Amino acid sequence: MDVDPRHYDHIAINDGDVQNIVLSYLVHNCYKETAESFTASTGLKQQTDCVVGMEKRKRIYDFAVEGNALKAIELTEEVAHGLLEKNEGLHFDLLSLHFVELVCSRKCTEALEFAQVKLAPFGKLHKYVEKLEDSMALLAYEEPEKSPMFHLLSMDYRQRVAENLNREILAHANLPSYTAMERLIKQATVVRQSLSQELGKDGPSPFSLRDFLKS
């Protein structure tokens, strides 16, 4: 029998569910050693291919974050053949990371040649024109980090691209592209919105996401 969502705050969470949520987070984010220690201490089983996959995904993620996008692309092709060919947007973002790295290294001639060969073909598609223009505009500044497009040089931007790549690799391997906690939060948010609509905007909130996450 389904439980009334208004009573979710009073439901005890199974320890096994909590452990699976934690393990999902560790595997998703490639914390291999921590995941191994966690499974050993809890008795949870972990598939061998997940461990191997973590090592490869971690290397790819690190290369992307460090700005070595070409190596990230190369390893991605080994791990998930054809992934970037099917996901042009992600491929463009990775190539842009390499272009930005060349610009920041003051290798402007090499950056321009790379853009003409690898990035220019994307300009045929309208949805990439603005991104391409932003990237190319960096060449006009002696100090790209002070340009209006400085966000393209940030660690946050590289991390977003790396995380998107990580999700796509997981999905390519038919694994969840989001952690169990992220999926749980999304579901909880949907439940709260549904209940708010049911009970009216002015009524008391029947479900607290903050309290749910603290429980």
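How many Å should the 17 residues of α6 span at 1.5 Å a residue, and how far apart are its end C-alpha atoms? The expected span is 24 Å and the end C-alpha atoms of α6 are 24 Å apart, which agrees. The legends below describe close-up views of a predicted model.

**View 1. Helix α6, a mostly covered helix.** Of the 17 residues of α6, 12 are buried, so that the helix is mostly covered. The buried set of α6 includes the nonpolar residues Leu 90, Phe 92, Leu 94, Leu 95, Leu 97, Phe 99, Val 100, Leu 102 and Val 103, and with them are found Asp 93, Ser 96 and His 98. After the helix comes Arg 106, a residue with a positive phi, near 65°.

**View 2. Leu 94 and its surroundings.** Leu 94 belongs to helix α6, which runs over residues 88-104, and its relative accessible area is 0%, so it counts as buried. When neighbours within four places in sequence are left aside, the contacts of Leu 94 are Ala 64, Ala 69, Ile 73, Leu 84, Val 161 and Leu 165. Asn 68 can also be located from here, since the C-alpha atoms of Leu 94 and Asn 68 are 9.1 Å apart in space although 26 residues separate them in sequence.

**View 3. The largest nonpolar core.** In soluble globular proteins, nonpolar side chains tend to be buried together. The largest nonpolar core in this model has 36 residues, and the members that touch the most others are Leu 94, Phe 99, Leu 119, Leu 138, Leu 152 and Leu 165. Two or more residues of this core come from each of α3 (48-66), α4 (69-79), α5 (83-86), α6, α7, α8 and α9, and α6 gives the most, with 9 residues. Apart from this core lies another, of 6 residues, which includes Leu 23, Leu 26, Phe 38 and Met 54.

**View 4. Helix α9 and Leu 165.** Helix α9 covers residues 155-172, and its 18 residues reach 25 Å from the first C-alpha to the last, close to the 26 Å expected at 1.5 Å a residue. Its buried residues include Tyr 157, Val 161, Ala 162, Leu 165, Ile 169 and Leu 170, and also Arg 158, Glu 163, Asn 166 and Arg 167. Leu 165, with neighbours within four places in sequence left aside, is in contact with Ile 60, Thr 76, Leu 83, Leu 84, Leu 90 and Leu 94. Following α9 is Asn 174, whose phi is positive, near 60°.

**View 5. Aromatic rings around Phe 92.** A pair of aromatic rings is described by the distance of the centres and the angle of the planes. The structure holds 3 aromatic pairs. In one of them, the ring centres of Phe 92 and Phe 122 are 5.1 Å apart and the planes stand at 65°, so the pair is edge-to-face. This pair links distant parts of the chain, with Phe 92 in helix α6 and Phe 122 in the loop between α7 (108-119) and α8 (126-137), 30 residues apart. Phe 92 and Phe 122 are both buried, and ring pairs join these two residues with Tyr 128 into a cluster.

**View 6. Salt bridges within helices α3 and α4.** Side chains of opposite charge can pair when their charged atoms come close. The structure holds 5 salt bridges, and one of them joins the side chains of Lys 58 and Asp 62, at 3.5 Å from N to O. Both residues lie in helix α3, 4 residues apart, about one turn of the helix. Lys 58 is partly exposed, with a relative accessible area of 32%, and Asp 62, at 25% relative accessibility, also counts as partly exposed. In helix α4, Glu 74 and Lys 71 are 3 residues apart, again about one turn of the helix, and their salt bridge has its closest N and O atoms 3.4 Å apart. Glu 74 is partly exposed at 39% relative accessibility, as is Lys 71 at 27%.

**View 7. The salt bridge of Glu 143 and Lys 146.** Glu 143 forms a salt bridge with Lys 146, in which the closest N and O atoms are 3.4 Å apart. Is each partner exposed or partly exposed? Glu 143 counts as partly exposed at 37% relative accessibility, whereas Lys 146, at 62%, counts as exposed.

Technical notes:
Residues are numbered from 1 along each chain as its sequence is written. This is a predicted model: local features need pLDDT of at least 70, side-chain atom pairs count only at pLDDT 80 or more; totals for chains, interfaces and linings use all residues. Side-chain values use heavy atoms; hydrogens and water are left out. The expected span of a helix is 1.5 Å times one less than its number of residues. Buried means under 20% relative accessible area, exposed over 50%, partly exposed in between (1.4 Å probe, protein chains only). Contact means heavy atoms within 4.5 Å. Rings of Phe, Tyr and Trp (its six-membered ring) pair if their centres lie within 6.5 Å; planes under 30 degrees apart count as stacked, over 60 as edge-to-face and the rest as tilted. A nonpolar core is a set of buried Ala, Val, Leu, Ile, Met, Phe, Trp, Tyr and Cys residues joined through side-chain atoms within 4.5 Å. A salt bridge is a side-chain nitrogen of Lys or Arg within 4 Å of a carboxyl oxygen of Asp or Glu.
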